[in-house]
Amino acid sequence: MADAPARRSTRAALTEALPGLAVRHDVLVVDTDTGSIRPTPEMTYLNVGIAENTAMGVAAGAAHCGHRALVCTFAAFAVSRAFEFIKLDIAYPRRRVCVVGTHGGASGGWLGPTHHATEDLALMNALPHMRVVVPADAAQTVSLLDQCLQYDGPTYLRLGRKDSPLFPDLPEPVLGRPQQVRPGRELCLVATGPEMLAVAIDVAAALAEEGHDAQVLHAHTVDAESAAATARAVSGTCRWLVTLEEAWTSGGMGAQLAAALGPSGVRWLPVGVSGFLPPATHASLLEASGLTADSVLRQVLKFVTEPR
């Protein structure tokens, strides 16, 4: 396998970039005592404490009055605890609110299932009008945050907790468009988020040694609207599709892409989190979920050799 890439936290990228972007775009920043926001005197900032429902309502009210707003909270609390408020106050009226969920996927680690957010992609994808965004790394986080703050509608930006891989060779991201990381014809690996993209790149290299030509795409926008663009980016000669996401696969990125591909004849292997996860390190949770490069490679090799 290839050497591990350099790492930096997507959450740290938010902390550093948000003050300047919030001032530039005149955004009300609503915090839930996350510790991820460092307010400056120039920012319009409100910390409502651990009150996620209130935070969504305040942001929606600001958007109703013509302002842009951003809510920062833990992903698990945003999509589960405050889902009704996101649904009715933000998504339904198409308010210009960016909901930032940190500690996405299993990155909450030892904090356990109360803080793991493996259901967020499915829940946010279920909402009409909602753009669901998972940056590949810290640099993409800044660019996609900027685009979310300018988007004329609701967005959900999923970030991790601690350091994650960096991908300096990726082109500038554009909301709603997948990125081709590696060309290929026979098999397509579609990943979302830092850890899964690193796995996909390693697996594609290992598959080449086994004689398989694997394309790698990164889907940083994973909602139904964006899935159509990702489906068009899949090689026309692709026989096998493998999707990798640090989330439950039901309703997630892979399910959106499979639906967009329709009856194309491409066989699909969804790789993601299965069930609830116990408190443990992020790395050990990924390993237990079969989301390491070695495990995914074994799954893919078995998949491509199985008879229909």
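The following paragraphs lead through a predicted model, from a sheet and the helices packed on it to single residues and a further pair of strands.

The open sheet is a convenient starting point. It comprises 6 strands in the order β3-β2-β4-β5-β7-β6, and their pairing is parallel. At its edges lie β3 (44-47) and β6 (131-133), each of which pairs on one side only. Direction ignored, neighbouring strands of this sheet are turned against each other by 15 degrees on average. At the β6 edge, 3 bridges join β6 to strand β7 (residues 155-158), and these two strands run parallel. Within this region, Val133 stands opposite Leu157 of β7.

Two helices that pack on the sheet may now be considered. Helix α2 (residues 52-64) touches β2 (27-31), β3, β4 (68-74) and β5 (97-102). The direction of α2 makes about 170 degrees with that of β4. Helix α6 also packs on the sheet, where it touches β2, β4, β5, β6 and β7. For α6, the angle with the direction of β4 is about 130 degrees.

Helix α6 has a helical partner as well. Two packed helices are described by the angle between their axes and the distance between the axes. For helix α1 (residues 10-24) and helix α6 (residues 138-150), the axes come within 9 Å and cross at roughly 35 degrees. The crossing of α1 past α6 is right-handed. On the α1 side, the contact is made by Thr10, Ala13, Leu14, Ala17, Leu18, Leu21 and Arg24. On the α6 side, Ala138, Thr141, Val142, Leu145, Asp146 and Leu149 take part. By class, the residues of this contact divide into 9 nonpolar, 2 polar and 2 charged.

Attention now turns to Ser9, which belongs to strand β1 (residues 7-9). Is Ser9 buried or exposed? Its relative accessible area is 6%, and because buried means under 20%, Ser9 counts as buried. The side chain of Ser9 reaches the backbone nitrogen of Ala12 at 3.1 Å. Leaving aside neighbours within four places in sequence, Ser9 is in contact with Ala138, Arg161, Lys162, Asp163 and Ser164. One of these residues, Ala138, also takes part in the contact of α1 with α6.

Two loop residues call for a look at the backbone. Asp33 is placed in the loop between β2 and β3. The phi of Asp33 is near 60 degrees, a positive value in a residue other than glycine. Arg94 lies in the loop between α4 (83-91) and β5, and its phi is likewise positive, near 60 degrees, in a residue other than glycine. With a relative accessible area of 45%, Arg94 is partly exposed, because that class lies between 20% and 50%.

The last element is strand β10 (residues 187-191). In a regular strand the side chains alternate between the two faces of the sheet. On one side of β10 are Leu187, Leu189 and Ala191, on the other Cys188 and Val190, and all of them are buried. Both faces of β10 are therefore covered, and because 5 of its 5 residues are buried, β10 is largely enclosed by the rest of the structure. Strand β10 also has a parallel partner, strand β11 (residues 214-218), to which 5 bridges join it. In this pair, Val190 stands opposite Leu217 of β11.

Terms used. Residues numbered from 1 in each chain as written. Predicted model: local features only at pLDDT ≥ 70, side-chain atom pairs only at ≥ 80, totals over all residues. Heavy atoms only, no water. Helix = DSSP H or I, 4+ residues; strand = E, 2+ residues; numbered from the N terminus. Buried < 20%, exposed > 50% of the residue type's maximum accessible area, 1.4 Å probe, protein only. Polar contact = N/O pair within 3.5 Å; in protein donor to acceptor, adjacent residues only side chain to side chain. Contact = heavy atoms within 4.5 Å. Axes fitted to C-alpha atoms, helices over the stretch in contact; angles between N-to-C directions. Left-handed = near helix turned anticlockwise from the far one by under 90°. Nonpolar A, V, L, I, M, F, W, Y, C, P; charged D, E, K, R; others polar. Pairing = 2+ DSSP bridges.
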